[in-house]
Amino acid sequence: MTTIYLIRHSKTEKTNSILNNDSLQLQNEKQFLSIDGELLAEDKMNNSNLKNIDALYSSNYLRALGTAKYIARNNNLIINIHEGFGERKFGVSNWNEIPEDFYDRQESDEYYKIGNGESQVEVRDRMYKSLMEVLAEDKKIAIVTHSTAMLFLLMKWCDITKEHISYNDKIIANTKVDNCDIFELIFNNNKNLINIKKVSNA
């Protein structure tokens, strides 16, 4: 069996981008953890389920790497940076170009996207392909990623409404993925999923 822990990054600092000439994508990638986010990550990444991790992966976004470093420290691991676990790309130059109904439309239409961004199905395919690349038999693997990317991936196996995430007709979590939430995915040695659950964050 392979155990995958999908983890959302911790809380980010609020910043003002008015004087920032970076692209929207680069601004998104550069968002970093707040002081509260650092404290939360240090606490929550000490979860007993995240002990004896064999391999650690993170998206290339600073907030994910800032969260992953606590798992790395606790398990004496290096962080493998994998762009495939990054957040959904909007594909436009600034926040003002995102339509007001963008989020609702992307939830209801898996092929909807704007500009050079990603659709729901494109994010899911990217995340799944990346997950299959890192699966290794009889290992415990932690992956620090992002809420929308996580939800779009979980839609491959789960029924997700505005209120709940269900797996095999059983509610396993609320749809809102909070900072440092952890989902455990168990795969057999044929890389077939056999269970998903949300891990207690105590």
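Colleague: Over how many bridges do E6 and strand E7 pair?
Modeller: In this predicted model, strand E7 covers residues 170–174. The pairing of E6 with E7 is in the antiparallel sense, and one bridge joins Tyr 167 to its partner in E7, Lys 170. The number of bridges between E6 and E7 is 4.

Colleague: Which residue in the turn of the E6 and E7 hairpin has a positive phi?
Modeller: E6 and E7 form a hairpin with 2 residues between them. In that turn, a positive phi of about 55 degrees belongs to Asn 168.

Colleague: On the E5 side, what is the bridge partner of Asp 159 in E6?
Modeller: Strand E5 (residues 159–160) pairs with strand E6 (residues 164–167) in the antiparallel sense, over 2 bridges. The two strands form a hairpin with 3 residues between them. Within E6, the partner of Asp 159 is Ser 166.

Colleague: Which helix gives the most residues to the largest nonpolar core?
Modeller: The largest nonpolar core has 31 residues, and those touching the most other members are Ile 4, Ile 143, Ile 165, Phe 183, Leu 185 and Ile 196. The top contribution to this core, 6 residues, comes from residues 147–154, which form helix H6.

Colleague: How many residues does the other core hold?
Modeller: Another core lies apart from the largest one. Among its members are Tyr 5, Met 45, Ile 53 and Leu 56. Its residue count is 19.

Colleague: Leaving out residues up to four places away in sequence, which charged residue does Ile 4 touch?
Modeller: With such neighbours excluded, the contacts of Ile 4 include Leu 131, Leu 135, Ile 141, Ile 143, Phe 183, Leu 185 and Phe 187. These count as nonpolar, whereas Glu counts as charged. The charged residue touched by Ile 4 is Glu 184.

Colleague: Which element gives the largest share of the lining of the largest pocket?
Modeller: The largest pocket has a volume of about 610 Å³ and is lined by 24 residues, with Arg 88, Glu 107, Ser 147, Thr 148 and Leu 151 nearest its centre. By class, its lining has 8 nonpolar, 9 polar and 7 charged residues. Two or more lining residues come from each of helix H4 (102–108) and H6. The largest share, 4 residues, is from H6.

Colleague: How many polar residues are in the lining of the second largest pocket?
Modeller: The second largest pocket has a volume of about 220 Å³. Its lining includes Thr 15, Asn 16, Asp 22, Lys 30, Phe 32 and Trp 95. By class there are 2 nonpolar and 2 charged residues, and the polar count is 6.

Conventions: Residues numbered from 1 in each chain as written. Predicted model: local features only at pLDDT ≥ 70, side-chain atom pairs only at ≥ 80, totals over all residues. Heavy atoms only, no water. Core = buried A, V, L, I, M, F, W, Y, C linked by side-chain atoms within 4.5 Å. Buried < 20%, exposed > 50% of the residue type's maximum accessible area, 1.4 Å probe, protein only. Contact = heavy atoms within 4.5 Å. 1 Å grid on protein atoms, 1.4 Å probe; cavity = no way out; pocket = protein on both sides within 12 Å on 5 of 7 lines; lining within 4 Å. Points joined across faces, edges and corners; volume = space filled by probe spheres on them. Pairing = 2+ DSSP bridges.
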